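Me: Please give me a close look at one part of this model, the strand that sits in the middle of things, and then show me how the rest is arranged around that part. I work with force fields, so please spell out the cut-offs as you go.

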Amino acid sequence: MTFSELRDKEVINICDGKRYGHPIDLELSEQACAVALIVPCQTGWKSVLKSVREGFVIPWNRVRRIGDDVILVELDQACQSER
């Protein structure tokens, strides 16, 4: 799967149903393996006005399933508080 295919999918937390939006970047290891997904910190019309988009890093080991339209992640309260 290419990153452009991943960018078209919405990231959703299965713990609380929170929607994080679409991935804006992918962190890779030196061996070119996925380490983390990066999603926008802010969603909504205000994020459109920013020229630099900040991201929230979701470790790849928290990705539970990649479907046709969504990427399901499992982020409990401890993971979200690091945000």
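Reply: Happy to! In this chain, 38% of the contacts with a separation of 6 or more are between residues 24 or more positions apart; a contact here means heavy atoms within 4.5 Å. Two notes on the basis before we zoom in. This is a predicted model, in which local features need pLDDT of at least 70 and side-chain atom pairs count only at pLDDT 80 or more, while totals for chains, interfaces and linings use all residues. Residues are numbered from 1 along each chain as its sequence is written, and side-chain values use heavy atoms, with hydrogens and water left out.

First, the layout. There are 3 helices and 7 strands, arranged along the sequence as α-β-β-β-β-α-β-β-β-α. Both kinds of element are DSSP runs numbered from the N terminus, with H or I over at least four residues for helices and E over at least two for strands. The chain has 83 residues, and 28% of them count as buried. Buried means under 20% relative accessible area, exposed means over 50%, and partly exposed is in between, using a 1.4 Å probe and protein chains only.

The part to look at is β4, residues 34–40. This strand is largely enclosed by the rest of the structure because 5 of its 7 residues are buried. What does β4 pair with? On one side there is β3 (residues 25–28), antiparallel to β4 over 4 bridges; β5 also pairs with β4 in the antiparallel sense, over 5 bridges. Pairing requires that DSSP finds at least two bridges between the strands.

The register can be followed residue by residue. Ile 38 of β4 is the bridge partner of Asp 25, and Ala 36 of β4 is the bridge partner of Glu 27. Ala 36 also has a bridge partner in β5, namely Pro 59. Between β3 and β4 the chain makes a hairpin with 5 residues in between, and Ala 32 in that turn has a positive phi of about 65°.

Glu 27 is a handy probe of this area, sitting in strand β3. With 36% relative accessibility, Glu 27 is classed as partly exposed. Leaving aside residues up to four places away in sequence, Glu 27 touches Cys 33, Ala 34, Val 35, Ala 36 and Val 57. Its C-alpha atom is 6.3 Å from that of Leu 37, although the two residues are 10 apart along the chain.

Leu 37 leads us to the inside. The largest nonpolar core has 11 residues: Leu 6, Val 11, Tyr 20, Leu 37, Val 39, Phe 56, Ile 58, Val 63, Ile 71, Val 73 and Leu 75. At least two of these residues come from each of β4, β5 (55–59) and β7 (70–73). Such a core is a set of buried Ala, Val, Leu, Ile, Met, Phe, Trp, Tyr and Cys residues joined through side-chain atoms within 4.5 Å.

Now for the surroundings. Four strands build an open sheet of mixed pairing, in the order β2-β1-β7-β6. Its edges are β2 (19–21) and β6 (63–66), each paired on one side only. Within this sheet, β1 and β7 run parallel and are joined by 4 bridges, with Glu 10 opposite Val 70 of β7.

Asn 13 lies in strand β1 (residues 10–13) and counts as buried at 0% relative accessibility. The Asn 13 side chain reaches the backbone nitrogen of Cys 15 at 3.0 Å and makes a polar contact of 3.3 Å with the side chain of Asp 16. A polar contact is a pair of N or O atoms within 3.5 Å; within protein, one must be able to donate a hydrogen and the other to accept it, and residues adjacent in sequence count only if both atoms are side-chain atoms.

Last come the charges, with 2 salt bridges in the structure. A salt bridge is a side-chain nitrogen of Lys or Arg within 4 Å of a carboxyl oxygen of Asp or Glu. Arg 19 and Glu 10 meet in one, at 2.7 Å from N to O, and Arg 19 is exposed with a relative accessible area of 52%. Glu 74 and Arg 64 form a salt bridge too, their closest N and O atoms being 2.7 Å apart. This pair links distant parts of the chain, 10 residues apart, with Glu 74 in the loop between β7 and α3 (77–81) and Arg 64 in strand β6. Glu 74 is partly exposed at 30%, and Arg 64 is partly exposed at 39%.
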